[in-house]
Amino acid sequence: MGFSSGGVQIARIFGIPIILHLTFFIVLVFVTIVLGTADGIFPAMIEPRPSNATVWILAAVSAVFFFVSILLHELAHSIVAKVHGLPVRNITLFALGGVSQIARESDRPLPEFLIAVVGPLSSALIGGALFGIWFATGAGHSPVDAMLRWLGFMNFVVAAFNMVPGFPMDGGRVFRSIVWGLTGSRMTATTAASRLGQGVAIAIAGFGLLGLLDIDLGFERSQFGSLWLILIGAFLFNASSGALRSMRLERNLGGVRVRDLMSTELRRVEADCSLRWIAPGPGSIDPSAVYIAVRDEVVVGIVTGHLLRMMDEERFRESTIMDVMVAAENAAPIAPTATGVEALTRLQSEGVRVLPVVEDGRLLGLIGLEQVVGAFGGKPPAPRPAG
């Protein structure tokens, strides 16, 4: 077990770190409370009527198994991605479910389709298997029967919801892969899927708003459920809009070369020198600065001002350049003739902040996310999520 940014790593499955975000624990408790207090769920499914203790135990166990099924959904995405050569950084369970952090996009529509569709398909198979077990054991009304029925139903709900054609949800990615295959253009497909995603997001949020305003639509809705729909709609709209921005950035970078974007203002510093020799504190560091760490006139590493700016004061005071640098052997060079898209793909897939630009054995400069994205006034796109 180890701690990651905003969460805790509990395991590695097929080499993929499994991370529980801090918000996951809040939602786990909330789902348990809802299942334990809702009279229309387990009490209505069990005969004879169960005791409160039985309901609460069943609620806690069901909540845990529900998130296990979400994890299996995300594992399906990740395993298929790895089969097609796409690196997976981690799987994170958080407030809205789960996400597979796949470092880069597929370069063909068929793998994109398979990676996207396997998640909802796995949830549907899990739901079918659970209902099958319930029927095979007599379709009874015991506490275990109730749990099987609820988990089976919820997995069908997860499968159906994820197939809503709103990018970047699974259904939106399936839609994009189909348009991509028909048109041969990933940019055209992404634009169409993102626009559709924005429309779906507005519809979901609007439906939630009508419920929050208590406008009669002919069926019962809870205030919390309506608020949840608004949050999901806002999340989906933001994600779809981000995909559009990323695609525009990629289109702009297609005709730009690394030599046009790289930073040539390199500052040589001794690897063993204290960070306080550079500046009195992280707040004084120029985020666009790049430092070349040398030892005996040999380059041994790279440090960006952006990285130093993110350090806390105490660590900054106690660290040397060598403590925080990216070792030279871990920063594979890129050619100055490479495109901006190639640089962006390398930076994202390799999980590094900067790449040395080398030609004929000579270090010409450095290129990082700040240079690539800052050239067009954008923001660095996040790793591709699935799920």
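## Trp228 and the nonpolar patch

Trp228 is partly exposed, with a relative accessible area of 30%. In this predicted model, the residue is found in helix H8. The class follows from the cut-offs: a residue is buried under 20% relative accessible area and exposed over 50%, so a value in between is called partly exposed.

Trp228 also belongs to a nonpolar patch on the surface, together with Leu96, Leu209, Leu210, Leu212, Leu213, Ile215, Leu227, Leu231 and Phe235. The accessible area of these residues together is about 830 Å². Two or more residues of the patch come from helix H7 (186-212), and the same holds for helix H8 (223-253). H8 gives the most, with 4 residues.

## The chain as a whole

The chain has 387 residues, of which 45% count as buried. Its secondary structure comes to 14 helices and 12 strands. Along the principal axes, the C-alpha trace spans about 80 × 50 × 40 Å.

## The open sheet S6-S7-S8-S9

Four strands form an open sheet in the order S6-S7-S8-S9, and the pairing is mixed. Strand S6 (266-270) and S9 are the edge strands, each pairing on one side only. In general, strands of a sheet pair through backbone hydrogen bonds, in either the parallel or the antiparallel sense.

Why is strand S8 described as largely enclosed by the rest of the structure? Strand S8 covers residues 298-304, and 5 of its 7 residues are buried, so the strand is largely enclosed. The cut-off behind this is a relative accessible area under 20% for a buried residue.

## Partners of strand S8

S8 pairs with strand S7 (residues 290-295) in the antiparallel sense over 6 bridges. Within this pairing, Ala293 stands opposite Gly301 of S8. S7 and S8 make a hairpin with 2 residues between the strands, where Asp296 takes a positive phi near 55 degrees.

S8 is also joined to strand S9 (residues 326-327), by 2 bridges, and these two strands run antiparallel. The bridge partner of Ile302 in S9 is Val326, while Gly301 has Ala327 as its bridge partner in S9. Gly301 thus appears in both pairings, opposite Ala293 and with Ala327.

## The hairpin of S10 and S11

Strand S10 (residues 354-359) and strand S11 (residues 362-368) run antiparallel and are joined by 6 bridges. Which residue in S11 is the bridge partner of Val357? The partner is Gly365.

These strands form a hairpin with 2 residues between them. Asp360, in the turn, has a positive phi of about 55 degrees.

## A negative patch at Glu313

Asp312, Glu313, Glu314 and Glu318 form a negative patch on the surface. Glu313 is placed in helix H11 (residues 313-318).

Is Glu313 buried or partly exposed? At 43% relative accessibility, Glu313 counts as partly exposed, because that class lies between the limits of 20% for buried and 50% for exposed.

Technical notes:
Residues are numbered from 1 along each chain as its sequence is written. This is a predicted model: local features need pLDDT of at least 70, side-chain atom pairs count only at pLDDT 80 or more; totals for chains, interfaces and linings use all residues. Side-chain values use heavy atoms; hydrogens and water are left out. Patches are made of residues with over 30% relative accessible area and no salt bridge: like charges are joined within 9 Å, nonpolar side chains (Val, Leu, Ile, Met, Phe, Trp, Tyr) within 5 Å. Accessible areas come from the Shrake-Rupley method with a 1.4 Å probe; for residues, only the protein chains shown count as cover. A salt bridge is a side-chain nitrogen of Lys or Arg within 4 Å of a carboxyl oxygen of Asp or Glu. Buried means under 20% relative accessible area, exposed over 50%, partly exposed in between (1.4 Å probe, protein chains only). Two strands pair if DSSP finds at least two bridges between them. Lys and Arg count as positive and Asp and Glu as negative; His and the chain ends are not counted. The place of a charge is taken as NZ of Lys, CZ of Arg, CG of Asp or CD of Glu.
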